[in-house]
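Colleague: Could you take me closely through one part of this model, the sheet, and set it in the context of the chain that carries it and of the contact between the chains? I would like one connected account rather than a list.

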2 protein chains.
Amino acid sequence: MRRSRAREGDRDARRPDSVAKTIGSGLQVLSLFNHLAPEWAITNIAQRLDVPYSTAYRYVTTLDVEGYLVRQPSGMYRIGLPLVELAGVALNQLDVRVHGLSHLDHLADVTGLNANMAVLDQGDTFHIAYAVRSAVPRMYTALGRRAVAHCTALGKVLLADLPFEEVRSLIETYGWRPYTARSIQTAPELERAMAEVRACGYAVDRGERNVGLRCVAAPVRDRGGRAIAAISVSGPQDRVPEERLSELATTVLEHASMISYRLGYDAADPTHVLPLG
Amino acid sequence: MRRSRAREGDRDARRPDSVAKTIGSGLQVLSLFNHLAPEWAITNIAQRLDVPYSTAYRYVTTLDVEGYLVRQPSGMYRIGLPLVELAGVALNQLDVRVHGLSHLDHLADVTGLNANMAVLDQGDTFHIAYAVRSAVPRMYTALGRRAVAHCTALGKVLLADLPFEEVRSLIETYGWRPYTARSIQTAPELERAMAEVRACGYAVDRGERNVGLRCVAAPVRDRGGRAIAAISVSGPQDRVPEERLSELATTVLEHASMISYRLGYDAADPTHVLPLG
DNA sequence: ATTGCCCTTCCAAATAACGGAAGATCAAAG
DNA sequence: CTTTGATCTTCCGTTATTTGGAAGGGCAAT
């Protein structure tokens, strides 16, 4: 998990006494847990946070008492169900997700591929929903996972809605972080890709995220016309041949429009300011 | 969210100095958020936790700085994406979920109904996965939501694996909390239901959770033979007529067995102690 | 029996939280 | 434009909590 929203200048915008340092310490413990390190021993937490064992012990014990961490038989700790419950609350608050779920399911049905939905968060796509089909190899990004935006179709769609200066600044902050040899890694290349997305309204990923995986994405817009989320279908490249791309794009765009419509976006409404120009 | 694991006697098992009170306060703020109250203003948080405004302000600010809470334009706060990320980590650690996802999808496909997976937590079913079909009315329990165990097919399957004394104690702790007129509300009735589940291996819910909703569930067992989770299919009662129940039960049981098998459970292995006898 | 590792508790010193108050901000009402 | 009310933010002396080193207990491997 990436630390806070702090970028270059505005770090520590708050006065010292208006935050509770101890609560922050507790949250730092939670923040250690991620997909690559889903289990932690107290000793390692102490090392990582650079606090004495007894202090880390106290933090973990507190989180355990509240159920936010659970002690495994091995003595290590994992995230507990209360956090899943809270996440459920958060997800249900995302209108775009709630309205989009059935569309994702439809998409998966009619295309025979996996369908995904993501939002943009700190230069990453953040995946908030998906519909998998057991017939498709298990290639999808799980709930709550991230991916570098400019290396994915979903991300390109979302970035294309921002002024390129902002995109450039995101890259500067977080780096190129390519996944494969095909991942975009230079500014001119990215700028060309952005222009293409804006021109045709959708984005394609041909093995830029995972070798052999292809993806077609389109933006979901809110009442104000902003691309607040993106949906996509994805599958192994033999199921997503070049000649099928435009048909898939049409389908995805269709469903994206339907979700946008439900969110109050009216494509024909002239009051919508075009994102760029 | 229900408070900690504390039951009648064993509250505060920890010595006072081995927990960080301030961290606990921060977690209490988070715990206020649930499906019925997904948004909170600082003023209300202060009232609810019975602390001065300035204190609640400090808590919320801290959680906001770390991204765990997000301030809405309205001035109220919601759960932030970092918690969704953590929940994703937790869900991916649940083997039964990871192995079961494709089976749920299959189940939804072959039955044309929604499929669900839940575990037992403090007398409730806790839903950890589902596969919805857009053709089915949106009747399903979302990720991270709970339901009273003895009022659902999933719950009955899970309870039936426990000694009845334990079930009785759960009811005593949490109450009957019926959902509909058909919900089980007496001990003899529940005991009979448990026996029936143990006899036939699956459970049925005929409008006990929601009027007009039917559900058929079967247990998923781990290496030790314990019912650690349950899966089900559910749908409106006109799609799940009485004469279809046994066929559905067979299908659900089949998939539950396959998941159990993947978890290392061998139904034929005589070393498994029968749950009750 | 010994060693090493982790868990749990204890305690005095250091520090961070507390909470009342006051100024700032903002929007709606007069 | 001024007033009013409500929420936001900061300040600061007091007080309660955290801190972290030490020490004892448990467990398993040596």
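Modeller: The domain assignment divides chain A into domain 1, residues 2-80, and domain 2, residues 94-262, and in this predicted model the centres of these two domains of chain A, taken over C-alpha atoms, are separated by 32 Å.

The sheet you ask about is an open one of six strands in chain A, which follow one another in the order β5-β4-β3-β8-β7-β6 with antiparallel pairing. Its edges are formed by β5 (146-148) and β6 (203-206) of chain A, each of which pairs on one side only, and neighbouring strands are turned against each other by 30 degrees on average, when direction is ignored. At the β5 edge, the pairing of β5(A) with β4(A), residues 124-131, is antiparallel and runs over three bridges; within this part of the sheet, T125(A) has A147(A) of β5(A) standing opposite.

From the sheet one can turn to the packing of nonpolar residues. The largest nonpolar core comprises 160 residues, and those with the most contacts inside this core are V157(A), A217(A), V157(B) and A217(B). If neighbours within four places in sequence are left aside, A217(A) is in contact with nine residues that can be listed in full: A153(A), L154(A), V157(A), Y202(A), A203(A), A230(A), I231(A), S232(A) and V252(A).

For contrast, it is worth looking at a loop of chain B, where G224(B) is found between β7 (213-221) and β8 (227-236). G224(B) counts as exposed because it has 12 C-beta neighbours inside 10 Å, and exposed is the class for residues with 12 or fewer. The C-alpha atom of G224(B) is separated by 28 Å from that of L86(B), a residue 138 places away along the chain.

There remains the contact between the two chains, to which chain A and chain B contribute 54 residues each. On the side of chain A that touches chain B, at least two residues are supplied by each of α1 (21-32), α3 (53-65), β2 (77-79), α4 (81-93) and α5 (95-111) of chain A, and among these α4(A) gives the most, with 13 residues. Sorted by class, that side of chain A has 26 nonpolar, 18 polar and 10 charged residues.

Note on methods. Residues are numbered from 1 along each chain as its sequence is written. Chains are lettered from A and ligands numbered from 1 in the order in which they are written. This is a predicted model: local features need pLDDT of at least 70, side-chain atom pairs count only at pLDDT 80 or more; totals for chains, interfaces and linings use all residues. A nonpolar core is a set of buried Ala, Val, Leu, Ile, Met, Phe, Trp, Tyr and Cys residues joined through C-beta atoms within 7 Å. A residue is buried if 20 or more other C-beta atoms lie within 10 Å of its own, exposed if 12 or fewer, and partly exposed in between; C-beta atoms are placed from the backbone. Two residues are in contact if their C-beta atoms, placed from the backbone, lie within 7 Å. Helices (H or I, at least four residues) and strands (E, at least two) are DSSP runs, numbered from the N terminus. Ala, Val, Leu, Ile, Met, Phe, Trp, Tyr, Cys and Pro count as nonpolar, Asp, Glu, Lys and Arg as charged, and the others, Gly among them, as polar. Two strands pair if DSSP finds at least two bridges between them. Axes are lines fitted to C-alpha atoms, for helices over the stretch in contact, and angles run from 0 to 180 degrees between N-to-C directions. Domain bounds come from an automatic or database domain assignment.
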